[in-house]
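Thank you all for coming; I would like to walk through one helix and then the surroundings of the ligand. Please have a look at the model first.

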Amino acid sequence: MSGKGEASPDGKLFLESVLSSVKRAFEIGGMSMDFYELLKVPKRIVTVSVPIKDRKGNIVIYTGFRVQHSDVLGPYKGGIRYHPKVNLDEVTALAMLMTYKCAALSLPFGGAKGGVACDPKTLTVEELERITRRYTHMISNVIGPFVDIPAPDVYTDARVMAWIMDTYSQLMGRQVPEVVTGKPVYLGGSEGREEATGFGAAVVTREACRLLGIPVKGARVAIQGFGNVGSYAALHLASQGAKIVAVSDSKGAIYSKDGLYIERLMSHKKSTGTVLGFPGATQISEHELLQLDVDILIPAAIEGVITKEVAERVKAKIITEGANGPTTSEGSLVLQERGVFVIPDILASAGGVTGSYFEWVQNLQREHWPREVVLNKIEEKMVKSFNDMTNEMKKLEVGPRDALMVLSVSRISTAIQSLGIWP
Ligand code: NAD
């Protein structure tokens with residue numbers, strides 16, 4: 001047996017940190033604390049057993065989750081994560097972030113998240129497919145195109161989304177591409193969706209540079225996590241002339257004073273499985289990467305990496321939270337005191353769900369839009385939210401995270417207020 005998804009101290013801390021920033025927003029915005037109590041608990045939590053036969057014919061049981069936090073503003077929406085450390089607190093925190101992210105971007109979605117506690121790096125493709133299909137079957141009665149629409153997250157990709165779509169479609173007896181987003185383009189996926197989160201992170205980083213008077217051309221950038229989000233953020237920032245001087249993955253970090261050639265690094269990572277060993281770059285530690293003398297730092301890997309201690313040593317002027325929850329609540333306060341401009345995760349990593357929204361709309365209308373159309377629409381929404389956030393910052397005299405969270409929470413509170421509690 002493996003992959004039990006047991007409670008972890010990290011998951012608990014992450015959940016506490018999300019709840020504390022939501023509570024802060026309710027207090028700053030002067031909204032009813034009754035609504036905070038309501039939103040403190042997800043509307044539905046599903047825990048499922050996912051048994052499969054492994055490559056040797058042995059039965060292995062994994063644990064899967066789907067947490068549906070709030071559907072006040074629309075159907076639940078959120079990714080599915082495959083990672084050995086997936087646990088209920090973490091998935092709950094991520095589901096909550098989705099609610100606030102969708103509200104911050106004014107998308108007609110609520111928030112959910114799913115996960116299976118497994119280690120994809122040790123699984124064969126067949127085992128991964130069996131886990132995905134069985135997990136989908138187990139949650140099939142709580143997802144659906146107008147109920148809950150999953151998407152990719154850490155260690156899940158377009159292929160996994162295709163298996164989810166196919167399993168759900170088989171169960172329904174008809175093709176239902178709109179049940180999941182982040183599918184391969186030839187199966188109803190959207191152009192631009194794969195790069196959407198990194199693209200969105202690059203867009204808001206450019207806006208923050210504009211606000212702070214830092215030219216993007218020549219700006220020095222360090223990125224933790226060179227996966228989907230990190231690599232495309234790097235590519236889009238490099239295309240504007242920024243210098244990506246350091247990146248990392250789970251195996252280690254690399255540095256190049258003159259900037260890394262991102263397209264070549266993406267091929268290197270694809271062929272070797274790591275950024276390490278990239279010609280011309282030197283290896284540094286993860287700690288060094290987070291504390292480098294750069295203009296922009298993009299944590300795009302996992303949660304809780306910018307702790308109080310790290311925050312005290314960060315030299316970047318802008319932090320773009322490409323990952324979900326990369327800064328702890330203590331870290332966040334230190335960064336605010338030190339005047340670091342932090343673009344909060346609910347905006348910086350929202351390009352993906354915004355792209356997902358446009359994929360869903362295309363699927364429902366049986367349309368297929370060109371990449372430029374999709375990216376322009378994502379950019380428009382991201383810039384609008386960035387401007388909403390900075391206006392709220394001026395109005396309330398607070399930092400970016402508090403300002404955006406207040407906006408988001410007030411949109412949800414207004415909806416709860418007018419809907420009331422039934423019966
Ligand atoms: P991914 O699996 O494509 O990439 C994650 C990368 O992080 C990998 O390169 C991995 O090696 C690296 N990594 C893992 N642990 C690390 C560590 N301790 N130090 C340095 N690197 C480490 O995942 P992704 O989709 O890019 O997601 C990254 C983050 O962005 C997650 O927090 C995820 O929730 C968030 N996010 C993703 C999307 C999306 O559309 N993919 C959307 C919104 C938010």
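I will start at the end of helix α5, where the residue that follows, Gly173, has a positive phi, near 80°. Before going on, I should say that this is a predicted model, in which local features need pLDDT of at least 70 and side-chain atom pairs count only at pLDDT 80 or more, while totals for chains, interfaces and linings use all residues. Residues are numbered from 1 along each chain as its sequence is written, and side-chain values use heavy atoms, with hydrogens and water left out.

Helix α5 itself covers residues 158-172, and its 15 residues reach 21 Å from the first C-alpha to the last, close to the 21 Å expected at 1.5 Å a residue. Among its buried residues, meaning those under 20% relative accessible area with a 1.4 Å probe and protein chains only, are Met161, Trp163, Ile164 and Tyr168. The cover over the buried residues of α5 includes β3 (76-83), α4 (125-139) and β5 (148-152), where contact is taken as heavy atoms within 4.5 Å.

Turning to the ligand, 25 residues surround it, the closest being Arg81, Asp153, Thr197, Asn228 and Asn324; a residue counts as near if one of its heavy atoms lies within 4 Å. By class, this shell holds eight nonpolar, 10 polar and seven charged residues. Which distance separates a backbone N or O atom of Val229 from an oxygen atom of the ligand? For Val229 that distance is 2.9 Å, and for a backbone N or O atom of Tyr155 the distance to a ligand oxygen is 3.2 Å.

Technical notes
Helix = DSSP H or I, 4+ residues; strand = E, 2+ residues; numbered from the N terminus. Expected span 1.5 Å × (residues − 1). Buried < 20%, exposed > 50% of the residue type's maximum accessible area, 1.4 Å probe, protein only. Polar contact = N/O pair within 3.5 Å; in protein donor to acceptor, adjacent residues only side chain to side chain. Nonpolar A, V, L, I, M, F, W, Y, C, P; charged D, E, K, R; others polar.
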